[in-house]
Amino acid sequence: MSAPRSVYWAPVLRLRLVAWARAARTREACGVLLGTRELDAVEIRCAVEARNLSADADAFVCDPGAIVAAEQKARATGLTLVGFWHSHGSGPALPSSRDAAGAWPVSVTAVVTVLPRPSVRVWRFEGRAAVELPCTELATCVGPIAAHNQPWTQSRMTASP
Ligand SMILES: [Zn+2]
């Protein structure tokens, strides 16, 4: 699988990530990104929020149960896990060295911040080096994208059924 070099998504997803980041306030919110991959292009179609199990306010550990549940939902709808997202309660949407150390190979990492203004930037890692990926917002959010988003972005997904 080749490293991702470009990202496509609908504006509603960016708004959803910012809303989750705002709700988490100074803690980090986190979750999973589901979508499709075509060569080195990634289309993010769905964002899922997972419980942050980290005891530290400035770190995140995605609830593994939520990751497994999201992967199962993805498989059922023809999507795959394409990456992870998390917020920075303060500071820019730049990945930290801890983010680089914890990143999964060939997945994308979206970093969300609300201060000083809402921003979502998407990265991949070459070793510990972060490479920002150009994001293209899809003009419309209809059909399969909207259908995939409806049930999942509305509610928090946790390990418990
Ligand atoms: Zn981070």
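This report describes the fold, the sheet, the core and some backbone details of one chain.

**Overview**

The model is predicted. Its chain holds 4 helices and 8 strands. Read from the N terminus, the elements follow the order β-α-β-β-α-β-α-β-β-β-β-α. Of the 161 residues in the chain, 40% are buried. Many contacts reach across the sequence: among those between residues at least 6 apart, 69% join residues at least 24 apart.

**Confidence**

The average pLDDT of the chain is 85, and 86% of the residues score at least 70. Among the elements, β5 has the highest mean pLDDT, 96, and helix α4 (residues 144-152) has the lowest, 42. Over residues 141-161 the pLDDT stays under 50. The model still has 32 contacts beyond four places in sequence for residues 141-161. Where pLDDT is low, the predicted coordinates should not be read in detail.

**The sheet**

Strands of a sheet pair through backbone hydrogen bonds, either parallel or antiparallel. Here, 8 strands form an open sheet with mixed pairing, in the order β7-β6-β5-β4-β2-β3-β1-β8. At the edges are β7 (129-132) and β8 (135-137), each of which pairs on one side only. From one strand to the next, the twist averages 35°.

The table lists three of the strand pairs, with one pair of opposite residues for each.

| Strand pair | Direction | Bridges | Residue pair |
|---|---|---|---|
| β1 and β8 | parallel | 3 bridges | W9 and E137 |
| β2 and β3 | antiparallel | 9 bridges | E38 and A41 |
| β2 and β4 | antiparallel | 6 bridges | G35 and T80 |

Strands β2 and β3 form a hairpin with 2 residues between them. In the turn of this hairpin, L39 has a positive phi of about 55°.

**T80 in strand β4**

T80 is in strand β4, and its bridge partner is G35. Leaving aside neighbours within four places in sequence, T80 is in contact with L34, T36, R37 and A74. One of these, R37, is 43 residues away along the chain, yet the C-alpha atoms of T80 and R37 are separated by 8.0 Å. Is T80 buried or partly exposed? T80 has 14 other C-beta atoms within 10 Å, so T80 counts as partly exposed; a buried residue would need 20 or more.

**The nonpolar core**

The largest nonpolar core has 39 residues. Within this core, L17, L33, L34, V108 and A110 have the most contacts. Helices and strands both contribute: β1 (6-9), α1 (11-24), β2 (30-38), β3 (41-50), α2 (64-76), β4 (80-88), β5 (108-113) and β6 (119-126) each supply at least two residues. Which element gives the most to this core? That element is β3, with 6 residues.

L17 shows how the core is joined across the chain. Not counting residues up to four places away in sequence, L17 touches A47, W85, A110, V112 and V120. A110, one of these partners, is also among the residues with the most contacts inside the core.

**Backbone details in the loops**

Most residues other than glycine have a negative phi, and most peptide bonds are trans. Several places in this chain depart from that pattern.

R25 has a positive phi of about 55° and is not a glycine. This residue lies in the loop between α1 and β2. R25 counts as exposed because its C-beta neighbours inside 10 Å number 12, and 12 or fewer is the cut-off for that class.

V106, also not a glycine, has a positive phi of about 55°. Its place is in the loop between α3 (97-102) and β5. V106 is partly exposed, because 16 other C-beta atoms lie within 10 Å.

Where is the cis peptide bond that runs from L115 to P116? P116 lies in the loop between β5 and β6. The omega of the bond from L115 to P116 is near 0°.

Key:
Residues are numbered from 1 along each chain as its sequence is written. This is a predicted model: local features need pLDDT of at least 70, side-chain atom pairs count only at pLDDT 80 or more; totals for chains, interfaces and linings use all residues. A nonpolar core is a set of buried Ala, Val, Leu, Ile, Met, Phe, Trp, Tyr and Cys residues joined through C-beta atoms within 7 Å. Two residues are in contact if their C-beta atoms, placed from the backbone, lie within 7 Å. Two strands pair if DSSP finds at least two bridges between them. Axes are lines fitted to C-alpha atoms, for helices over the stretch in contact, and angles run from 0 to 180 degrees between N-to-C directions. pLDDT is the predictor's confidence in each residue, from 0 to 100.
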